[in-house]
Structure formats: structure tokens, C-alpha cells
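Please open the structure in a viewer that can select residues by number and report distances. The tour proceeds by selection, and each stop describes what is found there.

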Amino acid sequence: MAAIANGGSADDISAGVDFFGELKKAGNFLPVDPDSGTIESGATPVVIDWDYPGAAAAANVSTRKTVVPEEAVVAGYYFQAINADAPHPAAARLWQEFLYSDEGQNLWLEGGARPVRGDAMAEAGTIDADLWGALPEVSGTPVIPTDPQTTKAGEYLASNWSKVIS
């Protein structure tokens with residue numbers, strides 16, 4: 001997100017790493033893993049994270065707001081697979097069917113995640129409207145990094161993050 005917001009891309013995240021380096025130089029980077037405790041105590045006044053854990057962690061802080069910047073919308077999917085050689089591959093297929101059923105998608109939503117079928121379910125009236133309406137607003141065109149882009153970004157981070165944050 002920081003890369004995209006600062007002129008980079010899913011192919012080149014260096015602008016995002018540079019952004020965090022600038023935060024560090026300015027004294028505005030805290031090397032902690034934010035959670036509800038750090039948010040509630042005010043130790044992490046600004047958190048850059050996926051919207052669903054951020055909104056959940058900030059649920060007990062009335063002044064906290066989760067914002068998804070329009071110019072830097074990034075999305076990701078959970079990867080799932082079914083092993084055809086598993087002892088009971090049909091069980092895995094049934095699990096997949098459940099995850100993408102209305103009930104399963106509403107459970108993702110209950111956890112604060114955006115169901116992949118959310119828009120269609122809202123149109124069909126099968127989504128939990130209260131939870132759907134409580135999600136942070138998102139506008140803009142999402143960037144969804146591919147597997148190769150994610151791998152390349154991870155390699156870049158492994159080689160460069162400590163150089164700018166140390």
C-alpha cells in the first residue's frame with residue numbers, strides 16, 4: 001500500500017520501503033506489532049495494516065477510525081487447494097463449498113474480512129447487512145498482487161527492510 005501510494009507498484013515496492021525509511025528518520029516509526037492493547041493504550045496512534053484486523057483491534061477505541069486510502073487500495077486472497085491424492089479429497093471439496101456458501105462467507109464477514117462474494121450476496125439479500133455496512137468504506141481500484149509479485153516483494157523486503165529501518 002505504501003509503495004502504491006508513493007508512486008511504486010506491485011512490481012516495484014521500493015517506494016514503500018523508502019516511505020517507511022523516511023518515517024523512521026523523522027522519528028515516526030515504531031517497530032512494534034500493533035494489536036488491540038497497543039491501540040487502546042495509544043502506543044500506536046497510527047497503524048498501517050489490512051483493514052479487517054485494524055478495525056477489530058480498534059473496536060474498543062471510540063476515537064479510532066479505519067481508513068482505506070482511495071489511491072492505495074490493495075487486496076489479497078487466501079490461497080486454498082485440494083489435494084487430489086488426499087485420503088478424503090471429497091471432504092476438502094465440501095469444506096471449500098462451505099467456505100464459499102452464504103453461511104461461510106458471512107462467517108468471514110463476522111471475523112471482519114471482506115467476503116469475496118460480498119457484492120453478489122448483498123444484491124441477493126443473503127449477506128449480514130449490519131456487518132456488511134460496518135466495514136470500512138473502500139473506493140478506488142484495488143491492486144491485487146500476483147504470486148510472482150508477492151514473491152518478488154518478499155525478496156526485496158528481505159534484502160532492504162533492515163537497511164532503512166535499522
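The stops below visit individual residues and one helix of this predicted model.

**Stop 1: Thr38**

Select Thr38, which is located in helix H3, residues 36-41. Its relative accessible area is 17%; because the limit for a buried residue is under 20%, Thr38 is classed as buried. Display its surroundings next: apart from residues up to four places away in sequence, Thr38 touches Ala43 and Thr44.

**Stop 2: Asp51**

Proceed to Asp51, a residue of helix H4. Is Asp51 buried or exposed? With a relative accessible area of 15%, Asp51 is buried. Show the side chains of Asp51 and Arg114, between which there is a polar contact of 2.6 Å. Arg114 is also among the residues that Asp51 touches once residues up to four places away in sequence are set aside; the others are Thr66, Val68, Pro136 and Val138.

**Stop 3: Glu70**

Now select Glu70, in the loop that runs between helix H4 (51-57) and helix H5 (89-99). Here the relative accessible area is 51%, and Glu70 is exposed; this follows because exposed requires a value over 50%. Which residues does Glu70 contact, leaving aside its neighbours within four places in sequence? They are Ser139 and Gly140. Add Pro142 to the selection: this residue is 72 residues from Glu70 along the chain, and the two C-alpha atoms are separated by 8.7 Å.

**Stop 4: Thr146**

Move to Thr146, in the loop between helix H8 (129-134) and helix H9 (147-165). Thr146 is partly exposed, at 40% relative accessibility. For a distance across the model, pick the C-alpha atoms of Thr146 and Asn6: they lie 20 Å apart, with the two positions 140 residues apart along the chain.

**Stop 5: Helix H9**

Finally, select H9 in full. This helix has 19 residues, and the distance from its first C-alpha to its last is 26 Å, close to the expected 27 Å. Where does H9 bend? Centre the view on Ser159, where the bend is about 40 degrees.

Then colour the buried residues of H9, namely Gln149, Ala153, Asn160 and Ile165. A general point helps in viewing a helix: residues three or four places apart point the same way, because an α-helix has 3.6 residues a turn. To see part of what covers the buried residues of H9, display helix H2 (14-25), which is included in that cover.

Note on methods. Residues numbered from 1 in each chain as written. Predicted model: local features only at pLDDT ≥ 70, side-chain atom pairs only at ≥ 80, totals over all residues. Heavy atoms only, no water. Helix = DSSP H or I, 4+ residues; strand = E, 2+ residues; numbered from the N terminus. Buried < 20%, exposed > 50% of the residue type's maximum accessible area, 1.4 Å probe, protein only. Contact = heavy atoms within 4.5 Å. Expected span 1.5 Å × (residues − 1). Bend = angle between axes of the 7 residues up to and from the residue. Polar contact = N/O pair within 3.5 Å; in protein donor to acceptor, adjacent residues only side chain to side chain.
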